[in-house]
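Thanks for coming. I have one model to go through this morning, so let me put it on the screen.

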Amino acid sequence: MNILIFEYHNFGIEDVKETLTKNGHKYKAIESALIKERKSTEFDSIFEKAYEEGINGRPYDCVFTFNYSPVISVNCNKVNLPYIAWVYDSPHVALYSYTLINPCNHVFIFDKMQYLELKNAGIDTVYYEPLAVNIDRMKRMLDSKNDKNAQIAEQLKKTQSCDISFVGAMYNEKHNLFKRLEGISDYTRGYLESIMKAQRKVYGYYFLQEMLTPQIIADMQKACPLEPSPDGVETIQYLYADYFMARQMASDERIETLKLLGEKLGSQYKINLYTHNATPALEKINNIGAIDYYDTMPYIFRNSRINLNITMRSIKSGIPLRGMDICAAGGFLLSNYQEDMYDIFVPGEDVVLYESQDDLLAKCRYYLTNESERQQIAANGYGKVAEKCSYDVRLEEMFAEVFNQ
């Protein structure tokens, strides 16, 4: 097929291109920040030009993007061109655009709970599709005898090997979204802190939105007013819960979790954090800084005895890309409970899930002292993603759905 790709700073897009080429497809990729817009005459012109050109005089069979773009959907709908959008971000407010029902759309969502929310509302253009990994790239980087790859692997093994690691944002910037609510009343602040604390103790059920009463919303609106998009059906509750509160919860949860591990295990084990954020509160954690997704991250996952996944709560049930990448690198995954894990893995055999911070601490201690069991689980996890979660498998599934193959 001929495929038109639009991209803008998307993780995994190079893996998609490699897989398409390997399987005999041709593509043209255009990078533009305008794909984030709801409407754009400038983008309309870019799309029209690319659509008319095709590839070597042949028309396109479909358009592909990571995440859903209303402005792309509108253009695809004009020319009756299938639009494949694979959503890996959460929250992703564009999913609540009226354009989601355009018949050209085939929107694949990695979070089953969000998919079901939209599907049960009568949206027939959405599908459930977990995320993927480029097994071929991982093998080239981690298992190749190529001199350059072997040299990089050995150097990072010496410098970055650790007992426990976490790779991800800490969301503790001074001006994060939740801090824009500084003008709320003491009652509202106490209420929000209480429901966030309660939500953090519960996995598998997300109740923040339904707990935001009209009185609470009115006070939040005074401090930091929000308006839904004029072409969307997202609620104010969704915006505050998933963009303001979920990020604050992720910050609190990640800092408290790493602080606990540092205090209880830091004197005995090496614990590394890879993030772009400063973390002065984590005195017993080695903050290495940000790392490159393609060039370095797989080596970190391979050389960490335990790789943590602490999921942002706006991801209701899905497996974050981090979790897939850890297993694809042959790393041992210790994650909070996410329901969609059961679609791919057998917990306790392929990955390990924790239910509380105390449970996390106990499981870290156990697997750091049971090496052969830990290595077997990591090997099993790799086997599952290699079999079920490669880009070859996922793209074939999506194409089959779109083109009724």
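Which residue is the bridge partner of phenylalanine 166 in strand 10? It is leucine 308. I will come back to that pair once the basics are covered.

First, the ground rules. This is a predicted model, in which local features need pLDDT of at least 70, side-chain atom pairs count only at pLDDT 80 or more, and totals for chains, interfaces and linings use all residues. Residues are numbered from 1 along each chain as its sequence is written, and side-chain values use heavy atoms, with hydrogens and water left out.

Now the overall picture. The protein has 15 helices and 12 strands; these are DSSP runs numbered from the N terminus, with H or I of at least four residues for a helix and E of at least two for a strand. The radius of gyration is 22 Å, which agrees with the value near 22 Å for a compact globule of 405 residues. That radius is taken over C-alpha atoms, and the globule rule is 2.2 Å times the number of residues to the power 0.38. Along the principal axes, the C-alpha atoms fill a box of roughly 65 × 60 × 35 Å.

Of the 405 residues, 55% are buried. Buried means under 20% relative accessible area, exposed over 50%, and partly exposed in between, with a 1.4 Å probe and protein chains only. The accessible surface is about 18,000 Å², and carbon and sulfur atoms hold 50% of that; the areas come from the Shrake-Rupley method with a 1.4 Å probe, and for residues only the protein chains shown count as cover. Among contacts with a separation of 6 or more, 67% are between residues 24 or more positions apart, a contact being heavy atoms within 4.5 Å.

Back to the sheet. Six strands form an open sheet in the order 9-8-7-10-11-12, and the pairing is parallel. Strand 9, residues 286–287, and strand 12, residues 352–354, are at the edges with a single partner strand each, so one side of each has no neighbour in the sheet. Two strands count as paired if DSSP finds at least two bridges between them.

Strand 7 has a partner on either side in that order. With strand 10, residues 304–309, strand 7 pairs in the parallel sense over four bridges, and the phenylalanine 166 to leucine 308 bridge belongs here. With strand 8, residues 271–274, the pairing is also parallel and over four bridges; there, isoleucine 164 has isoleucine 271 as its bridge partner. Six of the six residues of strand 7, which spans 162–167, are buried, so the strand is largely enclosed by the rest of the structure.

After strand 7 the chain runs into a loop that leads to helix 7, residues 186–200, and glutamate 182 lies in that loop. Is glutamate 182 buried or exposed? It is exposed, at a relative accessible area of 62%. Its C-alpha atom is 9.3 Å from that of methionine 220, which is 38 residues away along the chain.

Helix 12 is another enclosed element. Eight of the eight residues in 321–328 are buried, so helix 12 is largely enclosed by the rest of the structure. Those residues include Arg322 and Asp325. Glycine 330 follows helix 12 and has a positive phi, near 80 degrees.

Next, some backbone details to check on your own screens. Serine 90 and proline 91 are joined by a cis peptide bond, with omega about 5 degrees. Proline 91 is in the loop between strand 4, residues 83–87, and strand 5, residues 105–109.

Two asparagines have positive phi. Asparagine 67 has phi near 65 degrees and sits in the loop between strand 3, residues 62–66, and helix 3, residues 70–79. Asparagine 80 has phi near 55 degrees and is in the loop between helix 3 and strand 4. Asparagine 67 is buried, with a relative accessible area of 8%, whereas asparagine 80 is exposed at 68%.

Last, histidine 92, which is in the loop between strand 4 and strand 5. Histidine 92 is buried, with a relative accessible area of 12%. Which residues does histidine 92 touch, not counting those up to four places away in sequence? They are Asn67, Tyr68, Val87, Tyr238 and Tyr243. The C-alpha atoms of histidine 92 and tyrosine 243 are separated by 9.3 Å, with their positions 151 residues apart along the chain.
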